[in-house]
Amino acid sequence: MAMTTVETSAGAGGPDGAGAAVEPVERLMGMLNESAVAVLVSIGYQTGLLEAMAPLPPATSAQIAEAAGLDERYVREWLGGMTTGLCVDYDAGAGTYQLRPDYVPLLTGPGVDNLARTLLYITLMGEVAAKIAEKFRTGGGLAYADYPNFMEIQAGDSASVHDASLIEVIMPISGCVDRLKTGIDVADVGCGAGHAINLMAQAFPASRFTGYDFSAEGVAAGRAEAAALGLANAHFEERDVATLDLAGTLDLVTAFDMVHDQAHPATVLANIYAALRPGGTFLMVDVNASSKVEENIDSPLGPFLYAVSTVHCMSVSLGQGGDGLGTVWGVQLAESMVRAAGFGTVDVTVLEEDPVNAYFVATK
Ligand SMILES: C[S@@+](CC[C@H](N)C(=O)[O-])C[C@H]1O[C@@H](n2cnc3c(N)ncnc32)[C@H](O)[C@@H]1O
């Protein structure tokens, strides 16, 4: 999961978090209100209201609705929630609203600090909660197709990190920049909408890039972007990487936030190992968490990560009859599974630019 560089407070259940500092009833009432604001923020992102409000001086609901091209009655009710939720200032005398200046950089713009984009996961979870509750009784899981807009939300989230850091910060960690400049064969497995492949293909024109994903929507998006950018060295294939059979043909394989989603991650890791030439590099980016629940209590995003796992990552794996590793499989298990696939060395790095993820670099 990609996310922001913005500092977050301690985990909700941790010693310094809300769980310890307030009475349970107070905490739960706060949760009710904050969750409601999260839904409003998500709607504000989806409708363009937040972006429309950002440049406006104090304005009436009618002026804001007009600027956003939306229905005034809905906008006014939303503004009520955002005002009582303390994201919007309201001047009762003038009847005007303004997005609070300190919230503008956190709720708008294309960058990694836009938490409104991240809050889309809250409404996405709400959309499938009833289906997931049923799986608690029956076992099994959901299919990717059960998640409306998943590809789009994931692509926007990842693009914010990759636009800011992929070429200048992340690729140097792989140790492959010189080889990429000379010309090597690269694959990104579970490439989603393919933006990472296209960024790399643009930055390293001498190298050849292929993105693999079993999502037709993702592959089509990757191809469309490559065509729009005029990239001759970026290709996409609709493919289940559990059946990847590219023995010894690649120099670098990347896997951004996808191994823990796999039905059979050990098989995919073994396929990646087999696909690399001797000396080849595997760059795996996955969630920076511990494999032990007790070590995640103080994690800034512990509850969010386990929730996303329950509702999506673990479920899509179980839905394919898979192992259901889950989002929070943890750095310890991840490292041991990469080693078990055959890799001799595995280095783990956490970037200041992307503290939610750990970067695993393994050499064949
Ligand atoms: C969480 S998304 C990450 C997408 C992209 N790498 C990114 O960082 O935005 C996981 C992606 O892996 C793809 N995926 C999962 N299992 C796969 C498999 N066995 N074969 C091919 N693609 C797979 C999904 O379709 C999805 O696009």
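**Reading a ligand site, step by step**

Me: Which residues surround the ligand, and how many are there?

Reply: Happy to help! In this predicted model, start by listing what lies around the ligand: 19 residues surround it, and the closest are S158, G190, D213, D240 and Q262.

Me: What kinds of residues make up that shell around the ligand?

Reply: A good habit is to sort them by chemical character. Here the shell divides into eight nonpolar, six polar and five charged residues. You can also ask where they come from: helix α8 (residues 150–174) gives the largest share, four residues.

Me: Where do N or O atoms of the protein lie by the ligand's nitrogen or oxygen atoms?

Reply: Look for pairs of N or O atoms within 3.5 Å. The side chain of S158 has an N or O atom 2.5 Å from an oxygen atom of the ligand. Backbone atoms join in too: an N or O atom of G190 is 2.7 Å from a ligand nitrogen, and one of F256 is 2.9 Å from a ligand nitrogen.

Me: How much of the ligand's accessible area does the protein cover?

Reply: Compare the ligand on its own with the ligand in place. Alone, the ligand has 590 Å² of accessible area, and the protein covers 96% of it. The space that the ligand takes is the second largest pocket.

Me: What does the secondary structure of the protein chain come to?

Reply: Count the elements: the protein chain has 14 helices and nine strands. Its radius of gyration is 22 Å, close to the 21 Å that the globule rule gives for 364 residues, so the chain is as compact as a globular protein of that length.

Key: Residues numbered from 1 in each chain as written. Predicted model: local features only at pLDDT ≥ 70, side-chain atom pairs only at ≥ 80, totals over all residues. Heavy atoms only, no water. Near = heavy atom within 4 Å. Polar contact = N/O pair within 3.5 Å; in protein donor to acceptor, adjacent residues only side chain to side chain. Areas by Shrake-Rupley, 256 points an atom, 1.4 Å probe, with all protein chains shown as cover. 1 Å grid on protein atoms, 1.4 Å probe; cavity = no way out; pocket = protein on both sides within 12 Å on 5 of 7 lines; lining within 4 Å. Sits in = over half its atoms within 2 Å of the grid points. Helix = DSSP H or I, 4+ residues; strand = E, 2+ residues; numbered from the N terminus. Nonpolar A, V, L, I, M, F, W, Y, C, P; charged D, E, K, R; others polar. Rg over C-alpha atoms; globule rule 2.2 N^0.38 Å.
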